[in-house]
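Got your viewer open? Let's take a walk through this one, a selection at a time.

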Amino acid sequence: MGNVSEYFISRGMEKGMEKGMEKGRSDIIESALKNGNTLEQVSAFLNIPLEEVRKVEEKMMQKA
């Protein structure tokens with residue numbers, strides 16, 4: 001029984017870390033956009049697909 005619970009705890013921790021990393025990545029993109037960089041500049045500088053940068057920009061617009 002210990003192995004099963006350890007598996008689920010480990011899996012939960014992995015999911016939490018992934019979410020945290022995604023949030024951090026979005027925060028960096030958002031910051032770069034707020035500083036006046038274009039979508040293309042952010043994409044190139046951070047080596048992130050342009051579509052991902054666009055999605056972050058869309059979320060920013062919805063917040064405003």
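Helices here are DSSP runs of H or I with at least four residues, while strands are E runs of at least two, and both are numbered from the N terminus. Before you click, note that this is a predicted model, where local features need pLDDT of at least 70 and side-chain atom pairs count only at pLDDT 80 or more, while totals for chains, interfaces and linings use all residues. Residues are numbered from 1 along each chain as its sequence is written, and side-chain values use heavy atoms, with hydrogens and water left out.

**Stop 1: helix 1**

Select residues 2-34, which make up helix 1. The expected span of a helix is 1.5 Å times one less than its number of residues. For the 33 residues of helix 1 that gives 48 Å, and the end C-alpha atoms are indeed 48 Å apart, so the two agree.

Now colour by burial. Buried means under 20% relative accessible area, exposed means over 50%, and partly exposed is in between (1.4 Å probe, protein chains only). In helix 1 the buried residues are Ile 29, Glu 30, Ala 32 and Leu 33. Among what covers them are helix 2 and helix 3. Just past the end of the helix, click Gly 36: its phi is positive, near 95°.

**Stop 2: Ile 29**

Zoom in on Ile 29, which sits in helix 1. Is Ile 29 buried or exposed? It is buried, with a relative accessible area of 0%. To see what surrounds it, use contacts (heavy atoms within 4.5 Å). Setting aside neighbours within four places in sequence, Ile 29 is in contact with Val 42, Leu 46, Ile 48, Glu 52, Val 53 and Val 56. Try a distance, too: from the C-alpha of Ile 29 to that of Arg 54 is 9.6 Å, although the two are 25 residues apart in sequence.

**Stop 3: where helix 1 meets helix 3**

Add residues 50-63, which are helix 3. Two packed helices are described by the angle between their axes and the distance between the axes. The axes are lines fitted to C-alpha atoms, for helices over the stretch in contact, and angles run from 0 to 180 degrees between N-to-C directions. Helix 1 and helix 3 pack at about 75°, and their axes are 10 Å apart. That makes the two helices roughly perpendicular (the label covers 65 to 115 degrees; under 35 is roughly parallel, over 145 roughly antiparallel and the rest oblique).

Show the side chains that make the contact: Arg 25, Ser 26, Ile 29, Glu 30, Leu 33 and Lys 34 from helix 1, against Glu 52, Val 53, Val 56, Glu 57, Met 60 and Lys 63 from helix 3. They divide into 5 nonpolar, 1 polar and 6 charged. Here Ala, Val, Leu, Ile, Met, Phe, Trp, Tyr, Cys and Pro count as nonpolar, Asp, Glu, Lys and Arg as charged, and the others, Gly among them, as polar.

**Stop 4: the salt bridges**

How many salt bridges are there? The count is 5, taking a salt bridge as a side-chain nitrogen of Lys or Arg within 4 Å of a carboxyl oxygen of Asp or Glu.

Begin with Arg 25 and Glu 52, whose closest N and O atoms are 2.7 Å apart. This pair links distant parts of the chain, with Arg 25 in helix 1, Glu 52 in helix 3 and their positions 27 residues apart. Arg 25 is partly exposed at 35%, and Glu 52 is partly exposed at 27%.

Next, pick Glu 30, which is buried at 15%. It meets Lys 34 in a salt bridge (3.1 Å, N to O); both are in helix 1, 4 residues apart, about one turn of the helix. Lys 34 is exposed at 60%. Glu 30 also forms a salt bridge with Lys 63 (3.5 Å, N to O). Lys 63 lies in helix 3 and Glu 30 in helix 1, so this pair ties together parts that are 33 residues apart in sequence. Lys 63 is exposed at 63%. Through shared partners, Glu 30, Lys 34 and Lys 63 join into one network.

**Last stop: Asn 47**

Finally, select Asn 47, in the loop between helix 2 (39-46) and helix 3. Most residues other than glycine have a negative phi. Asn 47 is not a glycine, yet its phi is positive, about 55°. Asn 47 counts as exposed, at 68% relative accessibility.
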